[in-house]
Amino acid sequence: MKSGWDFPGEDYLPPASVLVAGKEVKAGDHVRLRPRVRADAFDMLLAGKTARVEVIQQDFENRIYLVVTVDDDPGREQWDERVLPGHRFFFFPEEVELLEEGGEA
């Protein structure tokens with residue numbers, strides 16, 4: 001018997017990459033943050049910053065998020081092999097610009 005709380009399993013895996021302005025973005029890529037939804041003060045503080053895509057996630061409503069860490073995070077030197085939860089930020093794919101190898105969009 002299935003309940004409303006059953007995890008969807010492997011049929012619900014997020015994509016390995018997403019298209020942003022016609023370019024493929026995947027974990028490890030560097031992006032410039034361009035938040036469009038002004039949900040909180042962090043959206044204004046992070047606008048224009050560069051970040052690294054750590055992982056792509058998908059919620060139960062099939063919305064895709066890029067989980068990023070900001071390149072100039074002052075707490076970065078405190079990280080060991082893992083990223084602390086308060087140092088990860090979630091952006092929709094349309095809220096980032098892919099940076100080329102040299103760091104330009």
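Biologist: What percentage of the 105 residues in the chain is buried?

Modeller: The model is predicted: local features need pLDDT of at least 70, side-chain atom pairs count only at pLDDT 80 or more, and totals for chains, interfaces and linings use all residues. Residues are numbered from 1 along each chain as its sequence is written, and side-chain values use heavy atoms, with hydrogens and water left out. Buried denotes under 20% relative accessible area, exposed over 50%, and partly exposed in between (1.4 Å probe, protein chains only). By this criterion, the buried share of the 105 residues in the chain is 31%.

Biologist: What share of the accessible surface of the chain belongs to carbon and sulfur atoms?

Modeller: Accessible areas come from the Shrake-Rupley method with a 1.4 Å probe, and for residues only the protein chains shown count as cover. The accessible surface of the chain comes to about 7400 Å². The part belonging to carbon and sulfur atoms is 53%.

Biologist: Which pattern does the chain follow along the sequence?

Modeller: Helices (H or I, at least four residues) and strands (E, at least two) are DSSP runs, numbered from the N terminus. The chain comes to one helix and seven strands. Read along the sequence, the pattern is β-β-β-α-β-β-β-β.

Biologist: Among contacts between residues at least 6 apart in sequence, what percentage joins residues at least 24 apart?

Modeller: A contact requires heavy atoms within 4.5 Å. Of the contacts in the chain between residues at least 6 apart in sequence, the part that joins residues at least 24 apart is 50%.

Biologist: Which side chains of strand 1 point to one face and are buried?

Modeller: In a regular strand the side chains alternate between the two faces of the sheet. Strand 1 (residues 17-20) shows such alternation, with Ser-17 and Leu-19 pointing to one face and not buried. The side chains on the other face, which are buried, are those of Val-18 and Val-20.

Biologist: Which residue in strand 2 stands opposite Ser-17?

Modeller: Two strands pair if DSSP finds at least two bridges between them. Strand 1 and strand 2 (residues 23-26) pair in the antiparallel sense over four bridges. In strand 2, the residue opposite Ser-17 is Lys-26.

Biologist: What phi does Ala-21 take in the hairpin of strand 1 and strand 2?

Modeller: This hairpin has two residues between the strands, and Ala-21 lies in that loop. Ala-21 is exposed, with a relative accessible area of 78%. Its phi is positive, in a residue other than glycine, and lies near 50°.

Biologist: Which residue meets Lys-23 in a salt bridge?

Modeller: A salt bridge is a side-chain nitrogen of Lys or Arg within 4 Å of a carboxyl oxygen of Asp or Glu, and a search of the whole structure finds seven. For Lys-23 the distance is 3.1 Å, N to O, and the pair links distant parts of the chain, 77 residues apart, with Lys-23 in strand 2 and its partner in the segment after strand 7 (96-98). Lys-23 is partly exposed at 38% relative accessible area. The partner, partly exposed at 41%, is Glu-100.

Biologist: How far apart are the closest N and O atoms in the salt bridge of Asp-29 with Lys-26?

Modeller: Asp-29 counts as buried at 15% relative accessibility, whereas Lys-26 counts as partly exposed at 38%. The closest N and O atoms of this salt bridge are apart by 3.4 Å.

Biologist: With which residue does Arg-52 form a salt bridge?

Modeller: Arg-52 counts as partly exposed at 30% relative accessibility. Its partner is partly exposed, with a relative accessible area of 25%. The closest N and O atoms are 2.9 Å apart, and the partner is Glu-54.

Biologist: What is the order of the strands in the open sheet?

Modeller: The open sheet has five strands with antiparallel pairing. Within it, strand 4 (50-58) and strand 5 (64-70) pair over seven bridges, and Val-53 stands opposite Val-68 in strand 5. The order of the strands is 6-5-4-3-7.

Biologist: Which strands stand at the edges of this sheet?

Modeller: Each edge strand has a single partner strand, so one side of each is left without a neighbour in the sheet. These strands are strand 6 (89-91) and strand 7.

Biologist: Where does Asn-62 lie?

Modeller: Phi of Asn-62 is near 65°, a positive value in a residue other than glycine. Asn-62 counts as partly exposed at 47% relative accessibility. The residue lies in the loop between strand 4 and strand 5.
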